[in-house]
Amino acid sequence: MDRLDNTIRPYAWGSPTAIPLLLGVEPTGEPQAEMWMGAHPGAPSRTGRGTLVEVIDADPDKELGPASAAKFGPRLPFLLKILAAGAPLSLQVHPNLEQAKEGYEDEERRGIPVAAGHRNYKDANHKPELICALTEFDGLCGFRDPLRAADLLDGLGVDSLKPYVDLLHAHPEDAALREVLTAILSADPDEMARTVAEAAAACTRLGGDYAPYADIAHHYPGDPGVIAAMLLNHVRLQPGEALFLGAGIPHAYLSGLGVEIMANSDNVLRCGLTPKHVDVPELLRIVRFEAADPGVLRPEASPDGEEVYETPIDEFRLSRYVLPEGTGAHDLTRPTPQILLCTAGSVRAGEHELTPGQSVFVPAGEKAEVSGTGTVFRATVVA
């Protein structure tokens with residue numbers, strides 16, 4: 001197996017302290033948002049044999065296993081991250097596989113450069129993702145019941161929000177949510193900025209359930225995404241709990257440290273809380289306008305100690321082992337590629353001693369035993 005040397009991305013929303021604290025190093029003073037583990041061409045992990053992209057390209061069947069290579073092609077189909085949100089991320093959705101293929105082919109036909117700021121589809125893949133909390137972790141996930149959203153908006157006492165409150169009482173539910181989100185994102189920017197300022201002041205004054213939105217407005221003053229965020233479920237994960245974000249589900253991460261895994265794609269359509277391009281017509285085509293419980297996931301334990309976060313897709317499978325002191329080695333050998341990530345304690349993976357934030361890549365079929373005292377996450381595929 002190969003020890004991984006991973007890139008940390010310094011996005012503006014990143015926490016300056018959370019990842020350094022996990023790694024046991026001094027903060028640089030700059031935001032450290034994500035540490036990437038995998039073979040994404042934007043920041044592939046490095047090994048003693050070259051980048052993980054180069055390692056896999058040299059012999060896909062050996063590194064990935066014949067089943068994974070046949071099912072997903074000659075590439076690692078997932079990207080594993082440590083994510084540290086010190087400020088809210090953009091409110092966003094991801095397309096399903098068919099939508100991604102259609103969108104990518106359309107933008108290719110129209111000659112829109114992949115690096116263009118107004119391009120929606122960087123590739124032809126979908127981007128389901130899973131976030132597992134390492135600390136208390138706040139996020140937004142999926143639409144609230146429209147009547148609950150109406151009550152939340154109405155409680156602010158802001159006159160310019162009354163039309164949205166009325167729309168949310170309409171039927172059917174999906175049409176009500178669609179109309180309100182469309183109205184919010186299509187409103188006159190100056191008028192919306194005034195509405196957001198009034199709403200933010202009310203959120204600050206009221207506190208309680210309104211506190212998360214006061215903080216969002218502090219980071220994104222005047223952004224229509226502040227009001228759109230109030231249509232969504234607010235979720236607070238405890239360590240070990242997770243959220244699965246499927247296609248079309250609007251979401252945003254607000255604060256906290258977590259392990260994130262996703263299909264290897266960059267396709268994001270933004271709804272707000274960002275200075276970047278918001279393509280309202282395309283966004284409305286992708287969003288699933290249905291109210292639902294966010295569905296907090298807790299791992300399902302197997303007899304061998306593996307705790308699995310079950311999801312409905314095959315590009316990734318995330319699990320963890322919590323290793324108490326004095327336990328023997330666990331055999332993690334699989335016919336599929338794996339990344340093993342230590343997040344607590346000290347864990348031995350093969351010949352490598354791993355401390356928090358350190359990881360290894362295990363080629364398909366290679367002997368993989370872990371032992372020690374701590375927590376190790378295992379990322380692989382279903383093939």
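The legends below describe close-up views of a predicted model.

**View 1. The three assigned domains of the protein chain.** Domain 1 is made of residues 2-59, 75-140 and 236-297. Domain 2 covers residues 145-222, and domain 3 covers residues 315-380.

**View 2. The span that UniProt annotates as a catalytic domain.** An unreviewed UniProt entry places "domain: Phosphomannose isomerase type I catalytic" at residues 3-144. Helix makes up 27% of this span and strand 25%. The C-alpha atoms at the two ends of the span are 43 Å apart.

**View 3. R270 and the residues it touches.** R270 is listed as "active site" in the unreviewed UniProt entry. The residue belongs to strand β13, which runs over residues 269-272. With a relative accessible area of 22%, R270 is partly exposed. Leaving aside residues up to four places away in sequence, R270 is in contact with S90, L91 and Q92, and also with K276, H277, V278 and L283.

**View 4. The contact between domain 1 and domain 2.** The centres of the two domains, taken over C-alpha atoms, are separated by 26 Å. Domain 1 contributes 14 residues to the contact and domain 2 contributes 15 residues. About 1300 Å² is buried between the two domains, with 74% of it on carbon and sulfur atoms.

**View 5. Residues on the domain 1 side of the interface with domain 2.** P88, L284 and F289 account for 42% of the area that domain 1 buries against domain 2, more than any other three residues. Helix α12 (residues 280-286) gives the largest share of this side, three residues. Between domain 1 and domain 2 there are three residue pairs in polar contact and zero salt bridges.

Conventions. Residues numbered from 1 in each chain as written. Predicted model: local features only at pLDDT ≥ 70, side-chain atom pairs only at ≥ 80, totals over all residues. Heavy atoms only, no water. UniProt positions renumbered as here; feature names shortened; annotations may be inferred. Helix = DSSP H or I, 4+ residues; strand = E, 2+ residues; numbered from the N terminus. Buried < 20%, exposed > 50% of the residue type's maximum accessible area, 1.4 Å probe, protein only. Contact = heavy atoms within 4.5 Å. Domains from an automatic or database assignment. Buried area = accessible area lost by both parts, 1.4 Å probe. Salt bridge = Lys/Arg side-chain N within 4 Å of Asp/Glu carboxyl O. Polar contact = N/O pair within 3.5 Å; in protein donor to acceptor, adjacent residues only side chain to side chain.
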